[in-house]
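Hi,

Here is the structure I promised to pass on. Have a look when you get a moment, and then read my notes underneath.

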Amino acid sequence: MKHQPPPPPLPLTQPPMMGGTSGGAVANAISSLNGGSSYTNNNTNNNNNNGIEAVKCRPPLYPKPKTPSFDKDRDYIGFATLPEQVHRKSVKRGFEFTLMVVGESGLGKSTLINSLFLGDLYKNRQMPNVEERIEKTTKVEKKTMDIEERGVRLRLTVVDTPGFGDAINCEDSWRVCTQYIDEQFRQYFTDESGLNRRNIQDNRVHCCLYFVPPWGHSLRQMDLDLIRRLHRKVNIVLVIGKADCLNKQEVRKLKERILQDLEDNHIQLYQFPECDSDEDEDFKQQDRELKASIPFAVVGSNTILEVAGKKVRGRQYPWGVVNVEDPEHSDFIKLRTFLISTHMQDLKDTTQDVHYENFRAQCISQISQHALRERGKLKRDSISSTNGFDAAISETDRLLLQKDEEIRRMQDMLTQMQEKLKQTHLMEMKKNDSVIDV
Ligand code: GDP
């Protein structure tokens, strides 16, 4: 039988080639300036996402998939459209992604997030003064933004931790982060075990961008403390902020030392999945470059400058311009490619299959241990009550026991009577036999 599959579905986004300024999912969103993507944002500290609505600037570019004509081709079964069905359903449902950003103030976190997603998530931000910072405790702030690109909707939630590492005593900075991540897992576990599982809101953190300062020689004790506590709960991706403070050699050295520190402390950050052998060579090359760039050394900017007649996102210095999107200047494009165009789904899958499963297994083991302890307690209680049997036994129990005893006696009597009857019957038979003999 000859099957003629329909044309393969169009990819959601074309993976961009690194180094360019125009490729990629949200890279294409740069064209939002002229209508490519649209987004609205909602800054919120109280998980209230009401009022978020995405403005559609352009109709979806995806053509409607062809429905097979059964008259034309009778040998056609039709399952080759399965990817299209999945694709259509996912596009309709939209996508969600939660990104946590951790690092001390002034490392360029908000600038980078705004540059990555071409939004302004930090409009109403208030900077604490020095006195406030001494006492400052770490908070968790959630900001949500709806982005739409070529008919694909993404609800992006950025979880910020203002105040992280700012106070003199930073001991509890990591506790706020771990508690938040655990709380989202717990909520999901509760929702998943509930009755209405259809509309579960997934607030689990899919990726944590941890900002390391460019000053210093490697990771600090407080960085290690936090990463050690988080690396089994969330996909951590290290980012060296404000990398324009370092020259090429310094960036290379800092990256080497950070990787060495992680290895010495047995810390495993997010592991890139292996590339399939049948992937094309360009994709494999891109994957190799991304892996080699970790930790990403980034420069952020929300300013568009004109360099040699071209508009670039950059930072103007007396001696020249740092082009944020130039791979020679920073790993910004690599980070964006990794985070949005190539590995967003894998980050979500790892959260579900590894981190959430770990949490779920721990929860189930705690619940069963608790049940075992309760059963042991009940058993011990019933043994101790048996010891004081006579005192504690109820009247009903006593009556039941009496009845049991009576039934047992009657059964004994019945057995004896049956035995007697049998013997009488045998004697009768013998008597009859002797009469016949005569
Ligand atoms: P946050 O407190 O970590 O969110 O840091 P901000 O994004 O508010 O940035 C703090 C200051 O650093 C601002 O003046 C930014 O313009 C500047 N800044 C942001 N990113 C960079 C960068 O990559 N390089 C340099 N040199 N400065 C930056």
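Below is what I found, going from the whole chain down to single residues.

First, a caveat: this is a predicted model. The protein has 438 residues, and 39% of them are buried. The secondary structure comes to twelve helices and ten strands. If you take the contacts with a separation of 6 or more, 72% are between residues 24 or more positions apart. As for the outside, the accessible surface is about 27300 Å², and carbon and sulfur atoms own 52% of that.

Now the inside. In soluble globular proteins, nonpolar side chains tend to be buried together. Here the largest nonpolar core counts 71 residues. If you want to find your way into this core, start from F117, L209, L238, L335, F338 and L339, which have the most contacts inside it. Helix α5 supplies the largest share of the core, with seven residues.

Helix α6 is worth a look too. It spans residues 221–230, and its buried residues are D223, L224, L226, I227 and L230. Why do they sit on the same side of α6? Because they cover an arc of only 170° around the axis. And what lies over them? The cover includes two helices, α5 (173–193) and α7 (248–264), along with the strands β2 (95–102), β5 (207–212) and β6 (236–240).

Next, the sheet. Strands β8, β9 and β10 make an open sheet in the order β8-β9-β10, with antiparallel pairing. The edges are β8 (304–307) and β10 (320–323), each of which pairs on one side only. On average, neighbouring strands in this sheet are turned by 70° against each other, direction ignored. Between β8 and β9 (residues 310–317) there are four bridges, and the two strands run antiparallel. To see one bridge up close, go to I304, whose partner in β9 is R313.

One last residue: R288, which you will find in helix α8 (residues 281–293). Is R288 buried, partly exposed or exposed? Its relative accessibility is 45%, so it counts as partly exposed, given that this class runs between the 20% and 50% cut-offs. R288 and E274 are 14 residues apart along the chain, and their C-alpha atoms are separated by 9.9 Å.

That's the lot from me. Shout if anything is unclear.

Cheers

Terms used
Residues are numbered from 1 along each chain as its sequence is written. This is a predicted model: local features need pLDDT of at least 70, side-chain atom pairs count only at pLDDT 80 or more; totals for chains, interfaces and linings use all residues. Side-chain values use heavy atoms; hydrogens and water are left out. Buried means under 20% relative accessible area, exposed over 50%, partly exposed in between (1.4 Å probe, protein chains only). The arc is that of the directions from the helix axis to the C-beta atoms. Contact means heavy atoms within 4.5 Å. A nonpolar core is a set of buried Ala, Val, Leu, Ile, Met, Phe, Trp, Tyr and Cys residues joined through side-chain atoms within 4.5 Å. Accessible areas come from the Shrake-Rupley method with a 1.4 Å probe; for residues, only the protein chains shown count as cover. Two strands pair if DSSP finds at least two bridges between them. Axes are lines fitted to C-alpha atoms, for helices over the stretch in contact, and angles run from 0 to 180 degrees between N-to-C directions.
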